[in-house]
Amino acid sequence: MVCSSVATAQTMQGFSIQEISDSVFARMQGKSFPAHCTVKRSDLRYLQVLHVDADGETHRGEMVCNKAIAEDLLEIFQELYRQRYPIERMRLIDDYDADDERSMQDNNSSSFCYRVVEGSTKLSKHAQGMAVDVNTLYNPCVRKRKDGTVLVQPSTAKRYTNRSRKFPYKIVEGDLMFRLFTERGFQWGGHWKSLKDYQHFEK
């Protein structure tokens, strides 16, 4: 187990799990952590990781998630970094004022955000910090409405709904991202029947 700001012995340099510090919590309050949030701050963890983009450039990323999946995510992102699997951006969704659409349009990868599922009153798995969205612009959520129209999120991602096309940052069944998450018991939104959420992994 990881406690306080001490990482596991096998953690690579540049990767860490910490409790939510006062400075991180200040960034979250009123945004991903609204006043009515029922999740305890103590149940969340702050991750710092390294990742490479499609040009091979290394970046420092950060993410808040539930403590129950923190070690899973740290190990997954360590292996993705080792294998040079591209992730363009990983910033707290609070940098986008917890606006999921803005975050997705920027191809940002994130986890915790206390919000409901689009078009419902049900809390999202993101509200518990038990879901992760990765490379969100290129792996949109595609939902067919009852009237036959199609909702694509983010709204700028319609060109990436054709999964037969080749483009950067695409997550497909069987690739390294898919394998690392599903081997640890995560479900992939690309397998769902009622909608396709290609960016989404949840536990």
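Here are a few exercises on this predicted model, each with a worked solution.

Before you start: residues are numbered from 1 along each chain as its sequence is written, and side-chain values use heavy atoms, with hydrogens and water left out. Since the model is predicted, local features need pLDDT of at least 70 and side-chain atom pairs count only at pLDDT 80 or more, while totals for chains, interfaces and linings use all residues.

**Exercise 1. Find out how many salt bridges there are, and work through the one between Arg184 and Glu75.**

Step 1: Start with the rule. A salt bridge is a side-chain nitrogen of Lys or Arg within 4 Å of a carboxyl oxygen of Asp or Glu. That gives 14 salt bridges.

Step 2: Check the pair. The closest N and O atoms of Arg184 and Glu75 are 3.6 Å apart.

Step 3: Place both residues, using helices (H or I, at least four residues) and strands (E, at least two) as DSSP runs numbered from the N terminus. Arg184 sits in the loop between helix H4 (176–183) and strand E7 (187–188), and Glu75 in helix H2 (residues 70–82), so the pair links parts of the chain 109 residues apart.

Step 4: Look at accessibility. Buried means under 20% relative accessible area, exposed over 50%, and partly exposed in between (1.4 Å probe, protein chains only). Arg184 has 24%, so it's partly exposed, and Glu75 is partly exposed too, at 31%.

**Exercise 2. Decide whether Asp100 is buried or exposed, and find its salt-bridge partner.**

Step 1: The side chain of Asp100 meets that of Arg115 in a salt bridge, 3.5 Å from N to O.

Step 2: Asp100 lies in helix H3 (100–105), while Arg115 is in the loop between H3 and strand E4 (131–133), 15 residues apart.

Step 3: With a relative accessible area of 19%, Asp100 is buried.

Step 4: Now look for shared partners. One network of salt bridges joins Arg27, Glu62, Glu88, Arg89, Arg91, Asp95 and Asp106.

**Exercise 3. Work out the strand order in the open sheet of three strands.**

Step 1: Two strands pair if DSSP finds at least two bridges between them. E7 and strand E9 (residues 200–202) are joined by two bridges and run antiparallel.

Step 2: Pick a position to look at: Gln187 stands opposite Glu202 in E9.

Step 3: Write down the order, which is E4-E9-E7 with antiparallel pairing. E4 and E7 are the edge strands, each pairing on one side only.

**Exercise 4. Describe the largest nonpolar core and find which helix gives the most to it.**

Step 1: A nonpolar core is a set of buried Ala, Val, Leu, Ile, Met, Phe, Trp, Tyr and Cys residues joined through side-chain atoms within 4.5 Å. The largest has 33 residues, and Leu73, Phe77, Leu80, Val132, Met177 and Phe181 touch the most other members.

Step 2: Count by element. H2 gives the most, with seven residues.

Step 3: Zoom in on Met177. Leaving aside neighbours within four places in sequence, its contacts (heavy atoms within 4.5 Å) include Leu80, Tyr85 and Phe201.

**Exercise 5. Explain why Cys65 is in no disulfide.**

Step 1: A disulfide is a pair of cysteine sulfur atoms within 2.5 Å. The whole structure has zero of them.

Step 2: The closest cysteine sulfur to that of Cys65 is in Cys113, 14 Å away, so the two are too far apart for a bond.

Step 3: Try Cys113 as well. Its nearest cysteine sulfur, that of Cys37, is 9.4 Å away.
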